[in-house]
Number of protein chains: 2
Amino acid sequence: MAVNLKQLAELLGLSQTTVSRALNGFPEVNAETRQRVLQAVRETGYRPNRAAQRLATGKAYSIGMVMPIAPGIDSDVHFGEFLAGLAEEAVKHDFHFVLNPSAPEDEEVTFRRLAASGNVDALFLAYMRANDPRIAMLKSLSIPFVVHGRSIGESRDYPFLDIDNTSAFYDATRLLIQLGHQRIALINGPEYLAFSIRRKKGMLRALAEHGLSLDEALVQHSLMTDEHGYRSMQPFLQHANPPTAVLCSSTVLALGAVRAINQAGLKIGDDISLIAHDDVLPMLKPENFSVPLTTTRSSLRAAGARIATRLIGGILKRGDYPEQELWRAELIVRASTGPAPQK
Amino acid sequence: MAVNLKQLAELLGLSQTTVSRALNGFPEVNAETRQRVLQAVRETGYRPNRAAQRLATGKAYSIGMVMPIAPGIDSDVHFGEFLAGLAEEAVKHDFHFVLNPSAPEDEEVTFRRLAASGNVDALFLAYMRANDPRIAMLKSLSIPFVVHGRSIGESRDYPFLDIDNTSAFYDATRLLIQLGHQRIALINGPEYLAFSIRRKKGMLRALAEHGLSLDEALVQHSLMTDEHGYRSMQPFLQHANPPTAVLCSSTVLALGAVRAINQAGLKIGDDISLIAHDDVLPMLKPENFSVPLTTTRSSLRAAGARIATRLIGGILKRGDYPEQELWRAELIVRASTGPAPQK
DNA sequence: ACGGATATCCAAAGCGCTTTGGGAGGAATC
DNA sequence: GATTCCTCCCAAAGCGCTTTGGATATCCGT
C-alpha cells in the first residue's frame with residue numbers, strides 16, 4: 001500500500017538521492033524535476049518513514065516537555081488548553097511529544113535526562129518565575145528550547161514567546177481610571193509566577209501615572225480556580241472601603257468573583273466594574289457571562305501552536321522565526337465595565 | 001560516549017545477533033552468556049537506539065491518545081492527573097505519546113488516521129459513555145487498545161480497566177443508610193458518562209435494598225468543578241425536605257458542596273453527612289478539608305500508569321495482563337459522615 | 001575549440017538494530 | 001560408528017532514509 005522512497009524513485013526513473021533531495025529542498029535539483037517529484041508524491045501519497053529518517057539523520061523528530069505535577073499547577077485548567085495547541089500543531093508535522101511528569105524538585109534531573117536521552121530535539125519550558133534558574137540550566141544543556149512566558153531579572157538572550165502582560169493590565173487599569181475608578185482591586189495568579197508579577201506592575205504603572213496607588217489589602221494571589229476567585233473577592237467586598245473595580249488574571253477567577261459580587265447584591269458594570277484576562281478557554285467564554293465580561297484577550301491555544309511551530313521550524317531549519325515574540329493582548333470592552341459609581 | 005550494539009558485541013567477543021537475542025529474551029542463548037551480556041549493559045550503560053529498533057521491527061514504540069477538546073472535558077482537573085500517570089509510566093519504558101486533540105465529532109477520523117499512520121502501536125480510549133460507538137470502531141481498526149472505564153450495554157469483549165463504580169456508591173450509600181439516613185442526595189458527573197450512570201445505579205440498589213427510593217429532585221449531573229458542586233448543592237438545601245446526606249462524584253464537586261453547606265450554617269458530619277469519590281488528586285486531599293471527608297478512593301494516576309503498563313506490555317508481548325480489570329474502590333471513613341440527625 | 005565552471009543526477013555507504021538461515025560441536029539415538 | 005538432534009552462536013541481509021563523493025553533460029570565455 002504505502003510506497004517508500006525506493007519505489008517512488010523507480011516510478012519516476014530517478015535515483016533515491018535525487019528524490020530525497022527534491023523533497024528536502026536541496027538546490028542541486030532541477031526545478032522541473034522537483035515538480036515531477038512533488039506531483040508523484042501527491043499521487044502516491046508517499047510519506048517518508050519517520051523511523052528511517054530518525055536513524056539516518058539522528059534527529060528525534062519530537063519535542064520534550066516537562067509536565068509540572070506540583071499541586072496547583074498540574075491539572076490547571078489552563079494547562080490543558082495550552083497543551084492542546086501544542087499537540088495540535090505538532091501532530092500536523094508528525095512530531096511527537098515526550099511528556100515527562102516531574103515534581104519541581106526533580107525538574108533539573110528530568111531536563112538533563114531528557115536532553116541526554118537523544119529522544120528529543122528540543123525542549124519547551126513554561127510557568128516562568130522571576131529569576132528562573134531553569135533558563136541558565138537549559139542554556140547549558142546545548143539543546144534548543146523555547147520558553148513560554150519570560151523570566152524577570154534574567155538577561156533576555158533566550159528564545160521566548162510571551163504576551164505583554166504589563167501592557168495588558170496597564171491598558172485595563174487605564175480604562176478603569178478613565179471611567180472614574182480610583183479604588184481597584186486585583187485578583188492575580190500565584191505570586192511567584194512572572195506573569196502575575198508583570199500584570200501587577202502594569203496595573204501599578206497606570207495607577208501611578210494618575211497619582212493613584214494600590215491598596216495591598218485589595219490584592220490577592222492564588223491558584224486560578226473559580227473557588228479562589230470567590231474567596232479572594234469576598235474580603236474585598238467586606239472591606240470598609242470596598243473597591244469599585246476589580247481586575248482578574250483569568251476568566252476562571254472571574255467566575256468566582258462574579259459569584260461573590262452577585263451574592264453581595266451588587267450589580268456588575270454598575271456598582272462594580274470587572275476586567276478579566278481571557279485565555280480564550282473554549283469552555284468559558286466571557287461573552288456568555290450573565291454580564292458579558294470586558295477582557296484582555298490572548299489565546300493560550302494559539303500560543304501553544306505557535307511555540308510548536310517555532311520549535312519544529314527550528315529543528316528542521318525551516319523558516320526563520322523571531323527569537324523573541326511578545327504578543328499584545330487585545331482589550332475588549334463588554335458590559336462588565338462602567339463608570340465608577342457616584343458616592 | 002554512548003555505546004551501540006556493535007561495540008557492545010565486540011567488547012564481549014560475541015556477535016551482534018547473540019547480544020541482541022540475549023537482551024530480547026530469546027531462548028537460544030546460554031544462561032551464562034546472557035548474564036555476561038546483562039552485566040556489560042549495566043557497566044556500559046548501553047541503551048538500544050529506538051529509531052533503529054523502530055526501523056528494524058516496524059513497531060512505533062508509542063501509544064496514541066485522542067485528547068478530547070470538547071468543552072467541559074478537556075481541561076478537566078481529572079484529565080491532567082490521569083495523563084500524568086500514563087506519561088510517567090510510558091517514559092519509564094521509553095515510549096512516546098502521540099496526543100491528538102480532537103473535537104468529539106472528528107474523533108472517528110482522528111482514530112482512523114492515527115491507526116493508519118503507523119505512528120502508534122496501540123490506542124487508548126477514555127470518557128466512556130453508554131453504548132459507546134467508539135468501541136466497535138476501535139475493534140474494526142485492528143490495532144490494540146485499552147479502554148479506561150467501560151461502556152454499558154455493549155458486550156464485554158474488549159480490554160478495559162475500570163473501577164467498580166456501582167459497588168463504590170453502593171457501599172457508600174449503605175453506610176449512610178446504616179447511619180440512619182433516609183434522604184440522600186447525589187451530585188454526579190455528566191449524565192452521559194458511564195461512570196455516572198453506574199454510580200447512580202449503585203446508590204439506587206442500596207436504597208432499594210432498604211426499601212428506600214431516590215428523589216430525582218435530589219440528583220444533579222454536571223461537570224466536575226467546584227463551581228458546579230456549589231450550584232448543585234444549594235437547591236438541595238433549599239428544598240422543603242432537604243437531604244440529610246449527600247454523595248459527590250468527585251472531591252472537586254465536594255469542595256463546592258461543602259461551601260454551600262457551610263454557607264447555609266449547617267455542620268458537616270452532624271447536620272448533614274457527605275461522602276465523595278476521591279480520585280487522589282494531589283492538590284485536593286480529603287483529609288485536608290475543614291471536616292475531613294469520608295471517601296470512596298481510587299487513584300486516577302495509578303489507573304493511568306496501569307493502562308500504560310498494559311498497553312506497553314501488550315505491544316512488547318511481555319507479561320500477561322488480564323484483559324479486563326475492575327478495581328474496587330476503598331471506602332474510607334472520616335469525619336464528614338455521622339448519624340442522621342434526629343428530627 | 002578547449003580547459004574549467006556549473007548544473008544535474010547517481011551509486012553506494014552508512015545509521016543501529018532485528019532476523020533469517022545456517023554451522024559447529026557435543027549429546028542422544030539406533 | 002553413523003545418523004539425527006539439540007544447544008549455542010554467527011555472518012549477513014535487510015528496515016527506509018540521508019549523505020558523501022563522484023559522474024556526466026552543458027555552457028562559458030577566450
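So, let's start with Thr17(A): an N or O atom in its side chain sits 3.1 Å from a base oxygen of DNA strand D. I'll call that a polar contact, meaning a pair of N or O atoms within 3.5 Å; within protein, one of them must be able to donate a hydrogen and the other to accept it, and residues adjacent in sequence count only if both atoms are side-chain atoms. Before I go on, this is a predicted model: local features need pLDDT of at least 70, side-chain atom pairs count only at pLDDT 80 or more, and totals for chains, interfaces and linings use all residues. Residues are numbered from 1 along each chain as its sequence is written, chains are lettered from A and ligands numbered from 1 in the order in which they are written, and side-chain values use heavy atoms, with hydrogens and water left out.

Okay, back to strand D. Tyr46(A) has a side-chain N or O atom 2.9 Å from a phosphate oxygen of DNA strand D, and a polar side-chain atom of Gln53(A) is 3.1 Å from a phosphate oxygen of that strand. Which elements give two or more residues to the surface near DNA strand D? They are helix H2 (16-23) and helix H4 (50-57) of chain A, plus helix H2 (16-23) and helix H4 (50-57) of chain B. Helices here are DSSP runs of H or I with at least four residues, strands are E runs of at least two, and both are numbered from the N terminus.

How many residues surround DNA strand D? There are 28, and the closest are Leu5(A), Ser20(A), Arg21(A), Thr17(B) and Thr33(B). To count as near, a residue needs one of its heavy atoms within 4 Å of the strand. Looking from the DNA side, 62% of the strand D atoms within 4 Å of the protein belong to sugar or phosphate, and the rest to bases. By class, that surface has 10 nonpolar, 14 polar and four charged residues. For the classes, Ala, Val, Leu, Ile, Met, Phe, Trp, Tyr, Cys and Pro are nonpolar, Asp, Glu, Lys and Arg are charged, and the others, Gly among them, are polar.

Now over to DNA strand C. It has 28 residues around it, the closest being Thr17(A), Thr18(A), Leu5(B), Ser20(B) and Arg21(B). Of the strand C atoms within 4 Å of the protein, 61% are sugar or phosphate and the rest are bases. Arg21(A) puts a polar side-chain atom 3.3 Å from a base nitrogen of DNA strand C. Two backbones reach phosphate oxygens of this strand: Asn30(A) with a polar atom at 3.0 Å, and Asn49(B) with an N or O atom at 3.0 Å.

Next, how the protein chains meet. 40 residues of chain A are in contact with 40 of chain B, where contact means heavy atoms within 4.5 Å. About 3500 Å² is buried between them, with carbon and sulfur atoms giving 62%; that's the accessible area (1.4 Å probe) that two parts lose on being put together, summed over both.

Between chain A and chain B there are two salt bridges, each a side-chain nitrogen of Lys or Arg within 4 Å of a carboxyl oxygen of Asp or Glu. One of them joins Glu227(B) to Arg259(A), at 2.5 Å, N to O. We also get six residue pairs in polar contact between the two chains, both residues at pLDDT 80 or more. Elements supplying at least two residues to chain A's side include H4, strand S1 (62-68) and helix H5 (77-92). H5(A) gives the largest share, eight residues. That side of chain A has 20 nonpolar, nine polar and 11 charged residues.

Last topic: salt bridges everywhere. A search of the whole structure finds 37 over all chains. In chain A, Glu287(A) pairs with Arg334(A), with the closest N and O atoms 3.8 Å apart. Is Arg334(A) buried or exposed? Arg334(A) is buried, at 18% relative accessible area, while Glu287(A) is partly exposed at 40%. Buried means under 20%, exposed over 50%, and partly exposed in between (1.4 Å probe, protein chains only).

In chain B, Arg134(B) and Glu107(B) meet at 3.3 Å, N to O. Arg134(B) is in helix H7 (residues 133-140) and Glu107(B) in helix H6 (residues 107-117) of chain B, so this pair ties together parts 27 residues apart in sequence. Both are buried: Arg134(B) at 7% and Glu107(B) at 9%. And finally, Glu81(A), Glu88(A) and Arg301(A) are linked in a network of salt bridges.
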